[in-house]
Amino acid sequence: PNMWAPLVYFAFFALKQSGLIDDANRIGKKYLTAVEKTFEKTLKLWEKYDAETGEKATINEYTETEMLGWTAGVYNDIYEEINQ
């Protein structure tokens with residue numbers, strides 16, 4: 001149940017474009033909360049997050065990656081869109 005930044009980005013903005021604002025905001029806020037909560041604990045951004053727990057992903061197909069630019073970029077875009 002992992003959340004990857006690019007997939008969250010596409011889901012968020014596709015829902016907004018489709019007029020499903022509440023669903024977009026629910027997904028966007030869930031991602032923002034997961035990133036913030038995990039950053040507070042680890043002082044790092046991560047490639048993926050667990051969609052069920054909001055923590056750093058623990059089910060990994062490969063070695064987890066710290067601080068990818070897409071995590072920061074997607075966080076910023078969704079944050080700005082929700083807080084306009």
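Here is a short tour of the model, from the whole chain down to its salt bridges.

This is a predicted model, in which local features need pLDDT of at least 70 and side-chain atom pairs count only at pLDDT 80 or more, while totals for chains, interfaces and linings use all residues. Residues are numbered from 1 along each chain as its sequence is written, and side-chain values use heavy atoms, leaving out hydrogens and water.

Start with the cartoon of the whole protein chain: the order is β-α-α-β-α (helices are DSSP runs of H or I, at least four residues; strands are E, at least two; both numbered from the N terminus).

Next, select helix α2, residues 21-42, and show Asp23 and Arg26, three residues apart, about one turn of the helix. Their side chains meet in a salt bridge at 3.7 Å, N to O (a side-chain nitrogen of Lys or Arg within 4 Å of a carboxyl oxygen of Asp or Glu). Color by accessibility and Asp23 comes out partly exposed at 31%, Arg26 exposed at 52% (buried is under 20% relative accessible area, exposed over 50%, partly exposed in between, with a 1.4 Å probe and protein chains only).

Now pick Lys37 and Glu55, a salt bridge at 3.4 Å, N to O. Lys37 sits in helix α2 and Glu55 in the loop between β2 (48-50) and α3 (69-82), so this pair ties together parts 18 residues apart in sequence.

Keep Glu55 selected and add Lys41: this salt bridge is 2.9 Å, N to O, and the two are 14 residues apart. Lys41 is exposed, at 56%. With Lys37, Lys41 and Glu55 all on screen, you have a network of salt bridges.
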